[in-house]
Amino acid sequence: MELDFEKSGGLVPAVIQDNVTNQVLMLGYMNKEALEKTRQEGVVTFFSRTKNRLWTKGETSGNILQVVSITRDCDNDTLLIKVNPNGPTCHTGTTSCFGEEESANRAEAIRFIAQLEEVIQQRKVNPLEGSYTNFLFDKGINKIAQKVGEEAVETVIDAVAGKLDTMKGEAADLMYHLLVLLSASGLELKDIVAVLKERHNKQ
């Protein structure tokens, strides 16, 4: 069944959602041309009611919305578009047009970890000369596990000593090396999250 553009005078609302964090970023409107352009180019284009023309989000700021998926609702008159945003979505400079910047900051942190995991996976599949990640992969599980242990100990030492500034660096090293270890072991963050969810549901 085709989208019902006529119900709202030729436009349908499009809810924009972060593909990684599921945070709602903004609401826009699309006509048939805007939707077709969005599908063809993989970048969200709206129909601007104020400018009375097609408007690609980020066409001046560079903060485009890269399309991951487009889904229609049960009434065929609303779209849900999941995206990977290239920078802040709101014109005010915030992640979302709906505020909640503290939540947005947490969401951005989650997004970066997901992006880092993706880069590590790419290095595993497509090695890059001079890459430290590939150096670790080449050394094997034992070396990677050793690095995780070293960084964990250093993080604990700084935590006990109250050295928060240096602890942040050690914790960052720990998280990175743990991601590499997971990848080298054939695991992903989602596997760990699944275990955490299972344990949480039992509490």
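**Helix packing and selected residues in a predicted model**

Helices α3 and α5 are oblique to each other. In this predicted model, α3 spans residues 132-139 and packs against α5 at an angle of about 50°, with the two axes 11 Å apart. The crossing of α3 over α5 is right-handed. On the α3 side the contact is formed by Tyr132, Thr133, Leu136 and Phe137, and on the α5 side by Tyr176, His177, Val180, Ser183 and Ala184. By residue class, this contact of α3 with α5 holds six nonpolar, three polar and no charged residues.

One of the α5 residues in that contact, Ser183, deserves a closer look. Is Ser183 buried or exposed? With a relative accessibility of 2%, Ser183 counts as buried, because the cut-off for that class is under 20%. Ser183 sits within helix α5. Leaving aside residues up to four places away in sequence, Ser183 touches Ile120, Gln121, Lys124 and Phe137. Phe137 in this list belongs to the α3 side of the contact with α5.

The next pair is α4 and α5. Helix α4 covers residues 141-161 and helix α5 covers residues 164-184; they pack at an angle of about 155°, and their axes are 8 Å apart. That angle makes α4 roughly antiparallel to α5, because angles over 145 degrees fall in that class. The crossing of α4 past α5 is left-handed. From α4, the contact draws on Ile141, Ile144, Ala145, Lys147, Val148, Glu151, Ala152, Glu154, Thr155, Asp158 and Ala159. From α5, the partners are Thr166, Met167, Glu170, Ala171, Asp173, Leu174, His177, Leu178, Val180, Leu181 and Ala184. The residues of this contact of α4 with α5 comprise 13 nonpolar, three polar and six charged. His177, Val180 and Ala184 of α5 take part here, and these residues are also listed in the contact with α3.

The third pairing is that of α3 with α4. How do the axes of these helices cross, and what is the distance between them? The axes come within 5 Å and cross at roughly 120°. That makes α3 oblique to α4. In this contact, Tyr132, Leu136, Phe137 and Lys139 of α3 meet Lys143, Ile144 and Lys147 of α4. The residues of the contact of α3 with α4 divide into four nonpolar, no polar and three charged. Tyr132, Leu136 and Phe137 of α3 appear in this contact and are listed in the contact of α3 with α5 as well. On the α4 side, Ile144 and Lys147 meet α3 and are also part of the contact with α5.

Turning to the earlier part of the chain, UniProt lists residues 26-98 as "domain: Phosphoribosyl-AMP cyclohydrolase" in an unreviewed entry. In the model, the end C-alpha atoms of this span lie 7 Å apart, and the span is 14% helix and 38% strand.

Two asparagines invite a look at the backbone. Asn52, although not a glycine, has a positive phi of about 55°. Asn52 occupies the loop between β3 (45-48) and β4 (53-56). Asn76 likewise is not a glycine and has a positive phi, of about 60°. The loop that holds Asn76 runs between β5 (65-72) and β6 (79-85). Which of the two classes, buried or exposed, applies to Asn76? Asn76 is buried, with a relative accessible area of 9%, whereas Asn52 is exposed, with a relative accessible area of 58%.

Ile64 is placed in the loop between β4 and β5. At 23% relative accessibility, Ile64 counts as partly exposed, because that class lies between the 20% and 50% cut-offs. Which residues does Ile64 touch, not counting those up to four places away in sequence? The partners are Val43, Lys57, Gly58, Asn84, Pro85 and Asn86. For one of these, Asn84, the C-alpha atom is separated from that of Ile64 by 8.7 Å, with their positions 20 residues apart along the chain.

Finally, Lys197 belongs to helix α6, residues 189-202. With 55% relative accessibility, Lys197 counts as exposed. Lys197 and His91 are 106 residues apart in sequence, and their C-alpha atoms are 35 Å apart in space.

Technical notes:
Residues numbered from 1 in each chain as written. Predicted model: local features only at pLDDT ≥ 70, side-chain atom pairs only at ≥ 80, totals over all residues. Heavy atoms only, no water. Axes fitted to C-alpha atoms, helices over the stretch in contact; angles between N-to-C directions. Helix = DSSP H or I, 4+ residues; strand = E, 2+ residues; numbered from the N terminus. Parallel < 35°, antiparallel > 145°, perpendicular 65-115°, else oblique. Left-handed = near helix turned anticlockwise from the far one by under 90°. Contact = heavy atoms within 4.5 Å. Nonpolar A, V, L, I, M, F, W, Y, C, P; charged D, E, K, R; others polar. UniProt positions renumbered as here; feature names shortened; annotations may be inferred. Buried < 20%, exposed > 50% of the residue type's maximum accessible area, 1.4 Å probe, protein only.
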